[in-house]
Amino acid sequence: MESEEGGEYIKMNYDKKNIKMQKKYSHHILLLVVPSIAIALIIIGMVFVPTMNHSAAAQLSQQRPGLNANISLPTISEAARNLAQKLGINSTEVSKPRQNMSDLSQKLAPGGSLANFQEQLKGLGQQLGLNGTLLSQLRQQLPDVNTTQLAQKLDQALNDDDDGSI
Amino acid sequence: MKKFKSIEFIMNAMRVSIYIGVIGLVIGLGVFTAFSLFQRNVNAAQSTQTYVILGWGGKTVGLADIVSDGHQTTVTASTPYIPPQGKTFEAWLVDGNYGASGYPLSLGQFDEKGILRYKANIVNAYTYTDLAVTVEPKDDPDPKPATSNQVGVAVFSSPYGK
């Protein structure tokens, strides 16, 4: 019993102390707690807001592919050149089809150097945020075009130039 | 007599050396002139190249033929594709080399037959590195390229990309 009373006494004593301390330091605690909460909120804001913005931007770019405001023609150009160099291609040059049609056919044939580069460009275009919808529209509108048709069309244009239409 | 002979010998030697000097000078001048003319011809030489315009969508967009001496430049390009409704294909020469200006020069739009013709006296055509084709709205009031609507690229080789 004594011990319990003593315990209660001690407890009451302690509580009294505690109340006194609370009274004495309550405004100090507020001074400590309020800035802490503010700092915590700032940290949470710093961590979460950019993430949320990023995911919102990602969502937007998913909804509206191709609307990449930061991309520029030179950036795309440099990316394409880098990719070409990785594949061991210096350029997309071919022999003049009028003189050597097989060079164009070989390079654009499946497994050919330019066909391979073009296949890789597709993935790079997606990474760079090029308008995939537009590209698919192009594909839907027209059937496959072969190299002979490509060469014939350029030849026709060059012949027109030679005739003095330029 | 011996003294005269030695003087004559010296005189002959001098004469020969003068002749050799003059002939050497003439040959040197000739070589120098020929080399400069050759160099000028090399610089003025026209490069004629054909490039494939590779499509970003996995299809070949067309071919481009470029003739240039570094200044007088003619670009003839063709595409078998037609742009989407209300759009047009526009070609650009891009200076996209490392640390380059990044300047895109519009070559104009492809006509309804899918042909582009461009001729100009460019200050330095060899600075350009690529030819890009974008899809632009018809009668586009914005002269800048619709970059994200790029459908094809032709990567140039030497002498371009200087």
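**Close-ups of a predicted two-chain model**

**View 1. Around the buried residues of H4(A), the cover includes H2 and helix H3 (101-108) of chain A, plus strand S1 (47-55) and strand S2 (60-68) of chain B.** This is a predicted model, so local features need pLDDT of at least 70 and side-chain atom pairs count only at pLDDT 80 or more, while totals for chains, interfaces and linings use all residues. Residues are numbered from 1 along each chain as its sequence is written, with chains lettered from A and ligands numbered from 1 in the order in which they are written. Helices (H or I, at least four residues) and strands (E, at least two) are DSSP runs, numbered from the N terminus. The covered residues of H4(A) are A:Leu114, A:Phe117, A:Gln118, A:Leu121, A:Gly125 and A:Leu128. Buried here means 20 or more other C-beta atoms within 10 Å of the residue's own, exposed means 12 or fewer, and partly exposed is in between, with C-beta atoms placed from the backbone. H4(A) runs for 16 residues and spans 22 Å from first C-alpha to last, close to the 22 Å expected at 1.5 Å a residue (1.5 Å times one less than the number of residues). Just past its end, A:Gly129 has a positive phi of about 85 degrees.

**View 2. H2(A) has its buried residues on the same side.** Helix H2 (residues 73-86) of chain A has 14 residues and reaches 20 Å, close to the 20 Å expected. Buried in H2(A) are A:Leu73, A:Pro74, A:Ile76, A:Ser77, A:Ala80, A:Arg81 and A:Ala84. They share a side because their arc around the axis is only 160 degrees, taken over directions from the helix axis to the C-beta atoms. Turn to the other side and A:Asn82 and A:Lys86 are exposed. The buried set packs against H4 of chain A, and also against strands S4 (87-94), S5 (104-109), S7 (130-137) and S8 (150-155) of chain B. Contact means C-beta atoms, placed from the backbone, within 7 Å. Right after H2(A) comes A:Gly88, with a positive phi of about 75 degrees.

**View 3. H2(A) and H4(A) cross at roughly 140 degrees, their axes coming within 10 Å.** That makes the pair oblique. H2(A) supplies A:Ile76, A:Ala79, A:Ala80, A:Leu83 and A:Ala84 to the contact, and H4(A) supplies A:Phe117, A:Gln120, A:Leu121, A:Leu124 and A:Leu128.

**View 4. B:Gly58 sits in the loop between S1 and S2 of chain B.** It counts as partly exposed because it has 16 C-beta neighbours inside 10 Å. Leaving out residues up to four places away in sequence, B:Gly58 touches A:Gln118, A:Glu119 and A:Lys122. Its C-alpha is 9.7 Å from that of B:Val151, 93 residues apart along the chain.

**View 5. Chain B has some backbone quirks around S8.** Most residues other than glycine have a negative phi, and most peptide bonds are trans. B:Asp139, in the loop between S7 and S8, has a positive phi near 55 degrees. This residue counts as exposed because it has 8 C-beta neighbours inside 10 Å. In the segment after S8 lies B:Pro159, joined to B:Ser158 by a cis peptide bond with omega about 15 degrees.

Technical notes:
Two residues are in contact if their C-beta atoms, placed from the backbone, lie within 7 Å. Axes are lines fitted to C-alpha atoms, for helices over the stretch in contact, and angles run from 0 to 180 degrees between N-to-C directions. Angles under 35 degrees count as roughly parallel, over 145 as roughly antiparallel, 65 to 115 as roughly perpendicular and the rest as oblique.
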